[in-house]
Amino acid sequence: MTMSDTSFTGRLRSFADSDLFYSFRRSRTTVIAAVALALLFFGAIFAPVIAPFDPFDIAHLNLLDSELPPAWMEGSNPAYILGTDTQARDVLSSILYGLRISLFVGFASVILAAVLGVFLGLVGGFVGGIVDAVIMRVADVLLSFPAILVALLINGVMRGILPANQHESAAILVLVLAIGLTNWVQYARTVRGSTLVERQREYVQAARTIGVGRLRIMLTHILPNVLGPVLVIATINLGMAVLTEATLSFLGVGMPATQPSLGTLIRVGNEYLFSGIWWVVIFPSATLAVLVLAVNLIGDWLRDALNPKLR
């Protein structure tokens, strides 16, 4: 056995004996949420492998198979487990591919918001003065508007800048920027508050005394000690980012029908809800609900598990 194998096994055993894993095992709700989330992630990552059909391959679509009900209903085709839509696309395959886009936008926007917010929070809390005042006033202005309106504004500005023929190809980038630039405030305010406390600690004062630069102090001394709350915020914000993307797509300013996310599938399916083709909108909506609920449950557990006052 190599040294790396021994180290990995030791870390795995240490995690298995930790209070965090014990808290996880004790919460049945969290375990169920984690399993559901893992299944959704697995389906999204391996969609090209496990999806029964490629919903974007026009050559394999047969309009005679359009509007078929789910497999357990009369008049269905067992090949289409969750039925088909008006374009004869398999609903299950569309959900798996749409889930990939929704999760990618959610993760990318959370990473953007976290990086931007943590950096601004560190700078504001450590430097202070006019720099801190400007960052916090900008944050206050953003907090005075609903997040969805700010996202719509940023989305509209980006689409106005880009040529019309690039709107569809740049849709994911525009969504990531719109959602990420909206949600950095929470990270910045949380990290700023923690930085104001940490910069008074003895280890920071000692680093200053021996001549360590500001940037190094922020990145190597303070940052590791303020990442706990950031992890909790990022977990909860993942669900909010997915919901925001779905909202923008439902409003018609998100992902196009040629690259449907869960929000786009819900928007398209909603047009046929009262015509009897309920499965086209119900199943994507249920998938979105399960995804957001699972992420929020794990975020709530993580917030409590990392809070020493609640142990």
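1. Welcome to this structure. From the N terminus on, the elements of the protein chain run α-α-α-α-α-α-α-α-α-α-α-α-α-α. That gives 14 helices and zero strands. Please keep in mind as you read that this is a predicted model.

2. Here are some overall figures to help you get your bearings. The C-alpha atoms of the protein chain fill a box of roughly 75 × 55 × 35 Å along the principal axes. The chain has 311 residues, and 41% of them count as buried. Its exposed area is about 16,700 Å², with carbon and sulfur atoms supplying 66% of that area. If you take the contacts between residues at least 6 apart in sequence, 70% join residues at least 24 apart. The points below include some contacts between residues well separated in sequence, such as R199 and F126, which are 73 residues apart along the chain.

3. Helix α6 is a good place to begin looking. This helix covers residues 129–143, which makes 15 residues. From its first C-alpha to its last it reaches 21 Å, close to the 21 Å expected at 1.5 Å a residue. The buried residues of α6 are D132, I135, M136 and A139. Seen down the axis of α6, these buried residues fall within an arc of 90 degrees, so they line one face of the helix. There is a general background to such patterns: an α-helix has 3.6 residues a turn, so residues three or four places apart point the same way. As for what lies over the buried residues of α6, the cover includes α5 (91–127) and α9 (184–198).

4. Next, have a look at R199, which sits in the loop between α9 and α10 (202–209). The C-alpha atoms of R199 and F126 are separated by 6.6 Å. A polar atom of the R199 side chain lies 3.2 Å from the backbone oxygen of F126. Leaving aside neighbours within four places in sequence, R199 is in contact with G125, F126, V127 and G128, and also with V204, Q205, R208 and I222.

5. Helix α12 (residues 227–250) contains T235. Is T235 buried or exposed? T235 is buried, because its relative accessible area is 17% and the cut-off for buried is under 20%. The side chain of T235 reaches the backbone oxygen of L231 at 2.8 Å. Not counting residues up to four places away in sequence, T235 touches V295, I298, G299 and L302. These four can be looked up in helix α14, which spans residues 279–305.

6. A241 is also placed in helix α12. A241 is buried, with a relative accessible area of 0%. Which residues is A241 in contact with, leaving aside its neighbours within four places in sequence? They are G106, S109, V110 and I179. For another spatial reference, the C-alpha atoms of A241 and L175 are 9.8 Å apart, while the two residues are 66 residues apart in sequence.

7. Now for the aromatic side chains: the structure holds six aromatic pairs. One of them is formed by F41 and F107. Their arrangement is edge-to-face, with 5.5 Å centre to centre and 80 degrees between the planes. F41 lies in helix α3 (residues 28–45) and F107 in helix α5, so the pair ties together parts that are 66 residues apart in sequence. F41, at 22% relative accessibility, counts as partly exposed. F107 counts as partly exposed too, at 36%.

8. A further edge-to-face pair is made by W72 and F283, at 6.1 Å centre to centre and 85 degrees between the planes. This pair links distant parts of the chain: W72 is in the loop between α4 (47–50) and α5, F283 is in helix α14, and the two are 211 residues apart. How do the two partners compare in exposure? W72 is exposed, with a relative accessible area of 56%, whereas F283 is buried, with 16%. W72 and F283 also belong to one aromatic cluster, together with W278 and W279.

Technical notes
Residues are numbered from 1 along each chain as its sequence is written. Side-chain values use heavy atoms; hydrogens and water are left out. The expected span of a helix is 1.5 Å times one less than its number of residues. Buried means under 20% relative accessible area, exposed over 50%, partly exposed in between (1.4 Å probe, protein chains only). The arc is that of the directions from the helix axis to the C-beta atoms. Contact means heavy atoms within 4.5 Å. A polar contact is a pair of N or O atoms within 3.5 Å; within protein, one must be able to donate a hydrogen and the other to accept it, and residues adjacent in sequence count only if both atoms are side-chain atoms. Rings of Phe, Tyr and Trp (its six-membered ring) pair if their centres lie within 6.5 Å; planes under 30 degrees apart count as stacked, over 60 as edge-to-face and the rest as tilted. Accessible areas come from the Shrake-Rupley method with a 1.4 Å probe; for residues, only the protein chains shown count as cover.
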